[in-house]
Amino acid sequence: MLAMVHAPPSTCLTHPSIHAASRLQKEQANIHRLPDLSVIQIFSFLPTNQLCRCARVCRRWYNLAWDPRLWRTIRLIGETINVDRALKVLTRRLCQDTPNVCLMLETVIVSGCRRLTDRGLYTIAQCCPELRQLEVSGCYNISNEAVFDVVSLCPNLEHLDVSGCSKVTCISLSREVSIKLSPLHGKQISIRYLDMSDCFVLEDEGLHTIATHCTQLTHLYLRRCIRITDEGLRYLMIYCASIRELSVSDCRFVSDFGMREIAKLEFRLRYLSIAHCVRITDVGLRYITKYCSKLRYLNARGCEGITDHGIEYLAKNCTKLKSLDIGKCPLVSDIGLEFLALNCFNLKRLSLKSCESITGQGLQIVAANCFDLQMLNVQDCEISVEALRFVKRHCKRCIIEHTNPAFF
């Protein structure tokens with residue numbers, strides 16, 4: 001399909017049936033009344049493979065479909081698409097006016113295209129020096145070599161999503177992965193957003209190399225990177241002092257010592273996910289809340305070592321908190337909820353799923369003080385209908401997720 005984009009068709013498509021042809025002519029007449037800018041605007045909502053199909057309809061659509069304004073982004077979808085070949089064909093067509101270089105392309109999204117290999121990424125790296133965003137989530141055939149090509153040849157790259165790419169263990173300007181290597185000649189990778197969730201082979205050594213080369217990071221997601229430890233977080237905090245959002249959820253070796261390192265981000269940290277980090281207790285939470293007073297989002301679901309004391313530290317120090325998930329924290333009770341209610345008036349989202357010690361009394365205190373609450377999850381909690389109705393009366397915009405069949 002993508003191999004047929006080089007030459008425009010000479011006539012519009014027709015149907016063999018006379019009635020169908022008549023109907024099609026009327027529809028085409030309506031479409032052709034639209035000005036070029038309107039058609040281009042419609043085309044801008046299409047994924048790349050659909051846009052290429054439109055280019056085969058007629059000569060006018062061919063010319064409009066290849067308008068440079070539509071090719072700041074390539075978005076390919078589908079597990080079966082031969083994405084390496086598609087990228088080669090597309091970049092060749094986009095380089096017609098500027099041989100070997102595609103200056104308009106800034107974003108490539110091929111997440112879920114499992115047939116993508118290093119060859120496809122090498123094509124992008126060679127032809128697209130202005131690339132700013134690359135998403136290859138779930139493309140498990142790509143390796144460190146391909147990532148090296150991209151970050152080396154695309155100096156403006158700011159957003160990189162390699163989540164689920166299990167062969168990727170490092171992001172650097174060096175083909176050899178070693179913690180002893182420093183950035184070459186003072187060069188830095190300009191990446192600010194990096195998602196390495198489900199990169200199971202990533203270890204502290206690789207994280208150290210990433211930190212030394214990607215010092216401008218502001219958003220970092222390491223969900224289910226199960227080999228990361230507190231030592232890796234220590235490396236990260238040495239070099240990446242600008243991180244605003246960090247997720248280490250399901251990193252089972254991260255403990256309170258890791259929280260002490262993360263706390264060095266201080267007021268810069270706004271988003272933190274430590275879900276299912278079972279080694280984190282009130283001690284680690286106290287480190288975070290003491291220094292990261294501007295925290296807005298905290299996911300501590302499944303951190304069973306957190307108690308009402310930890311929630312007290314959180315509520316009194318992070319008063320601007322907007323979203324909190326403490327589901328499956330069995331030691332959090334109504335006492336902790338009272339601290340939240342009396343200090344965190346801006347709370348909009350609260351998840352208490354499977355918190356066995358929570359009762360309707362604690363919920364009523366929250367509802368009476370947090371009027372802006374928009375989402376409340378009390379699934380698998382023993383909450384009465386009366387308490388749920390109280391929440392609904394006081395927080396009228398709140399969506400309540402519950403498992404009480406009597407409340408509707």
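**Exercise 1. Find which residues ring pairs link into a cluster, and describe how two of the pairs are arranged.**

Ring pairs link Tyr193, Tyr221, Tyr271 and Tyr297 into a cluster. The model is predicted, so that local features need pLDDT of at least 70 and side-chain atom pairs count only at pLDDT 80 or more, while totals for chains, interfaces and linings use all residues. Residues are numbered from 1 along each chain as its sequence is written, and side-chain values use heavy atoms, with hydrogens and water left out.

Step 1. Rings of Phe, Tyr and Trp (its six-membered ring) pair if their centres lie within 6.5 Å, and planes under 30 degrees apart count as stacked, over 60 as edge-to-face and the rest as tilted. In the whole structure, a search finds 5 aromatic pairs.

Step 2. Tyr193 and Tyr221 form a tilted pair, with 5.4 Å centre to centre and 50° between the planes. Because Tyr193 lies in strand β5 (residues 193–195) and Tyr221 in strand β6 (residues 219–221), this pair ties together parts that are 28 residues apart in sequence; strands are DSSP runs (E, at least two residues), numbered from the N terminus.

Step 3. Tyr221 and Tyr271 form an edge-to-face pair, with 6.2 Å centre to centre and 80° between the planes. This pair links Tyr221 in strand β6 with Tyr271 in strand β8 (residues 271–273), 50 residues apart.

**Exercise 2. Decide whether Tyr193 and Tyr221 count as buried, partly exposed or exposed.**

Step 1. Buried means under 20% relative accessible area, exposed over 50%, and partly exposed in between (1.4 Å probe, protein chains only).

Step 2. Tyr193 has 23% relative accessibility and therefore counts as partly exposed, whereas Tyr221, at 6%, counts as buried.

Definitions and conventions: Helices (H or I, at least four residues) and strands (E, at least two) are DSSP runs, numbered from the N terminus.
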